[in-house]
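Welcome to my notebook. I opened this structure to look up a few things and jotted down what I found.

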Amino acid sequence: MTKLEKGPQGRRRGRGARERILNASQQLFRAQGINRTGMDQLCAVAQVSKRTAYQHFSGKDKLVAEYLRRFDPGLMAAVFDRTDLTPRERLLAAFEIPTSGPGELTPLCPYIAATVEIHDPQHPASEYAREYKLAIAARLAETAREAGATDPEQLGEQLALLLDGASARTRVLNAESFPTAAAIAAVLIDNALPVTGREGPANVTM
């Protein structure tokens with residue numbers, strides 16, 4: 001029989017405490033930032049005691065790192081593992097970032113946001129964010145290679161930089177930048193592919 005505990009509001013809680021803590025961290029960290037979110041508030045939203053929170057995560061640093069891991073464990077698998085798209089189409093699909101809701105802007109990339117807030121390059125979250133960004137560039141390069149790019153590593157790095165730039169610019173200007181980034185990406189991709197590997201002119205207006 002599952003051992004239950006009473007949360008801060010006197011409600012009985014079961015084995016879902018870890019998931020509630022992570023869900024609360026995703027909600028609060030994205031809405032108000034990591035540094036402005038204290039463990040007391042996070043525990044209140046997750047409806048767990050601080051003792052329970054520290055049983056699952058030894059400290060806030062560990063929680064922040066795990067929070068980042070949950071965002072894209074498959075390295076954009078929904079884009080790169082699609083079999084219904086050509087490699088070129090998969091590269092462009094990486095820029096089809098859904099907004100957070102009707103009329104809402106795409107949130108700032110959580111990896112960029114966490115790194116800006118934390119500052120410490122040795123922090124577990126900073127290390128994970130760095131690994132993730134390198135992995136995304138590598139996945140883009142791999143797909144560029146499949147598409148026949150003459151320099152897939154360079155194209156992968158260019159597209160990764162463009163993705164991050166679009167994310168930051170969207171937040172700074174409070175205006176969606178991914179459509180423009182997608183148009184630029186189409187030009188970069190087609191310029192990197194040999195004529196025989198192209199599916200037709202990019203035909204975009206920037």
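**Entry 1: a pair across the chain**

I began with R90 and E146, whose side chains meet in a salt bridge at 2.6 Å, N to O. By salt bridge I mean a side-chain nitrogen of Lys or Arg within 4 Å of a carboxyl oxygen of Asp or Glu. This pair links distant parts of the chain, with R90 in helix 6 (residues 87-93) and E146 in helix 8 (residues 124-147), 56 residues apart. Helices here are DSSP runs of H or I with at least four residues, numbered from the N terminus.

Before going on, I noted that this is a predicted model, where local features need pLDDT of at least 70 and side-chain atom pairs count only at pLDDT 80 or more, while totals for chains, interfaces and linings use all residues. I also noted that residues are numbered from 1 along each chain as its sequence is written, and that side-chain values use heavy atoms, with hydrogens and water left out.

Are R90 and E146 buried or exposed? R90 is buried, with a relative accessible area of 7%, while E146 is partly exposed at 45%. The cut-offs I used are under 20% relative accessible area for buried, over 50% for exposed and partly exposed in between, with a 1.4 Å probe and protein chains only.

**Entry 2: other salt bridges**

How many salt bridges does a search of the whole structure find? It finds 10. I reminded myself that side chains of opposite charge can pair when their charged atoms come close.

E153 and R145 are one such pair, their side chains meeting at 2.1 Å, N to O. E153 is partly exposed, with a relative accessible area of 45%, and R145 is also partly exposed, at 44%. I then found that salt bridges with shared partners join R18, E66 and R69 into one network.

Within that network I looked up R69 and E66, whose side chains form a salt bridge at 3.3 Å, N to O. Both sit in helix 4 (residues 60-69), three residues apart, which is about one turn of the helix. R69 is partly exposed, with a relative accessible area of 36%.

I stayed with helix 4 to list its buried residues, which are L63, V64, A65, E66, Y67 and L68. What covers them includes helix 1, helix 2, helix 7 and helix 8.

**Entry 3: T143 in helix 8**

Back in helix 8, I looked at T143. T143 counts as buried, because its relative accessibility is 2%. A polar atom of its side chain lies 3.0 Å from the backbone oxygen of R139.

Which residues does T143 touch, leaving aside neighbours within four places in sequence? They are F80, P87, R90 and L91. Contact here means heavy atoms within 4.5 Å. So R90, which I met in the first entry, turns up again on this list of contacts of T143.

**Entry 4: S167 in helix 9**

Next I turned to S167, which lies in helix 9 (residues 152-173). S167 counts as buried, at 4% relative accessibility. A polar atom of the S167 side chain lies 2.8 Å from the backbone nitrogen of C109. Not counting residues up to four places away in sequence, S167 touches P107, L108, C109 and F178.

**Entry 5: a pocket**

L108 came up again when I opened the second largest pocket: among its 14 lining residues, F29, R30, G33, L108 and A113 lie nearest the centre. A pocket is found on a 1 Å grid over the protein atoms alone, as an open set of points where a 1.4 Å probe fits, with protein on both sides within 12 Å along at least five of seven lines; lining residues have an atom within 4 Å of a point.

The volume of the second largest pocket is about 200 Å³, taken as the space filled by probe spheres set on the points, which are joined across faces, edges and corners. Helix 1 (17-32) and helix 7 (110-118) each supply at least two residues of the lining. Helix 7 gives the most, with five residues.

The lining divides into 10 nonpolar, one polar and three charged residues. Nonpolar covers Ala, Val, Leu, Ile, Met, Phe, Trp, Tyr, Cys and Pro, charged covers Asp, Glu, Lys and Arg, and the others, Gly among them, are polar.

**Entry 6: two loop residues**

Last, I checked backbone angles. Q47 has a positive phi of about 60 degrees although it is not a glycine. Q47 is in the loop between helix 2 (39-46) and helix 3 (50-56), and is buried at 19% relative accessible area.

N174 is not a glycine either, and has a positive phi of about 55 degrees. N174 is in the loop between helix 9 and helix 10 (178-192), and counts as exposed at 56% relative accessibility.

Technical notes:
A polar contact is a pair of N or O atoms within 3.5 Å; within protein, one must be able to donate a hydrogen and the other to accept it, and residues adjacent in sequence count only if both atoms are side-chain atoms.
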